[in-house]
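Work through these exercises with the sequence and the 3D view side by side. Try each task before reading its solution.

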Amino acid sequence: MDWIGKWRNQYGSILNITGQANGKLEGYFQSAIDETTRGQQLPVTGVYKDNLIGITCAGGDHLVTYTGMYYEGKMETMWQLVTSEILTATTAGEKAVKKPLDWWQSIKTNADTFERM
């Protein structure tokens, strides 16, 4: 499986895999929706085995890992995002501050579909 190239998910975020060798991947991820990292090229590292893939990216105040497979011409993934704090304000107009999160509040899980550009 050739993973090298640009992949776009359903929200417009871009995964650009620039290197692939010996079961390892490298490249960058550019989020179209995350407020803390939108537009930034964040380094990714990962692994692959045949049509299976796992990549990790850290940026802003979080870390995200995508795991999935190439299936019917698309990269189908599940992801987990982990963060230890949130930026929040008590009332409208008040300056936002970072607030630590409990473990149960720190993880989000969902699915993304990436298509080759």
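## Aromatic pairs

In this predicted model, rings pair if their centres lie within 6.5 Å. By this rule there are five aromatic pairs.

**Exercise 1.** Classify the pair of Trp3 and Tyr70 as stacked, tilted or edge-to-face.

*Solution.*
- Step 1: the ring centres of Trp3 and Tyr70 are 6.3 Å apart. The limit for a pair is 6.5 Å.
- Step 2: the planes stand at 90°. Angles over 60 degrees count as edge-to-face.
- Step 3: the Trp3 and Tyr70 pair is therefore edge-to-face.

Now place the two rings in the chain. Trp3 sits in the segment before β1 (5–9). Tyr70 belongs to strand β6 (residues 62–71). The pair links distant parts of the chain, 67 residues apart.

**Exercise 2.** Decide for Trp3 and for Tyr70: buried, partly exposed or exposed?

*Solution.*
- Step 1: buried means under 20% relative accessible area, and exposed means over 50%.
- Step 2: Trp3 has 0% relative accessibility, so Trp3 counts as buried.
- Step 3: Tyr70 has 27%, so Tyr70 counts as partly exposed.

**Exercise 3.** Describe the pair of Tyr66 and Phe114: geometry, location and burial.

*Solution.*
- Step 1: the centres of Tyr66 and Phe114 are 5.5 Å apart, with 80° between the planes. This aromatic pair is edge-to-face.
- Step 2: Tyr66 lies in strand β6 and Phe114 in strand β10 (residues 107–116), so the pair ties together parts 48 residues apart in sequence.
- Step 3: both Tyr66 and Phe114 are buried.

**Exercise 4.** Which residues form one aromatic cluster with Trp3?

*Solution.* Trp7 and Tyr70 join Trp3 in one aromatic cluster.

## Surface and contacts

**Exercise 5.** Locate Tyr71 and name its partners in a nonpolar surface patch.

*Solution.*
- Step 1: Tyr71 is in strand β6.
- Step 2: its relative accessible area is 44%, so Tyr71 is partly exposed. Patch residues need over 30%.
- Step 3: Leu52 and Met69 complete the patch with Tyr71. Together they have about 270 Å² of accessible area.

**Exercise 6.** Characterise Glu115 by strand, exposure and contacts.

*Solution.*
- Step 1: Glu115 is found in strand β10.
- Step 2: with a relative accessible area of 42%, Glu115 is partly exposed.
- Step 3: set aside neighbours within four places in sequence. Glu115 then contacts Lys6, Trp7, Arg8 and Lys74.
- Step 4: compare sequence with space. Glu115 and Leu15 are 100 residues apart in sequence, yet 9.7 Å apart from C-alpha to C-alpha.

Methods
Residues are numbered from 1 along each chain as its sequence is written. This is a predicted model: local features need pLDDT of at least 70, side-chain atom pairs count only at pLDDT 80 or more; totals for chains, interfaces and linings use all residues. Side-chain values use heavy atoms; hydrogens and water are left out. Rings of Phe, Tyr and Trp (its six-membered ring) pair if their centres lie within 6.5 Å; planes under 30 degrees apart count as stacked, over 60 as edge-to-face and the rest as tilted. Helices (H or I, at least four residues) and strands (E, at least two) are DSSP runs, numbered from the N terminus. Buried means under 20% relative accessible area, exposed over 50%, partly exposed in between (1.4 Å probe, protein chains only). Patches are made of residues with over 30% relative accessible area and no salt bridge: like charges are joined within 9 Å, nonpolar side chains (Val, Leu, Ile, Met, Phe, Trp, Tyr) within 5 Å. Accessible areas come from the Shrake-Rupley method with a 1.4 Å probe; for residues, only the protein chains shown count as cover. A salt bridge is a side-chain nitrogen of Lys or Arg within 4 Å of a carboxyl oxygen of Asp or Glu. Contact means heavy atoms within 4.5 Å.
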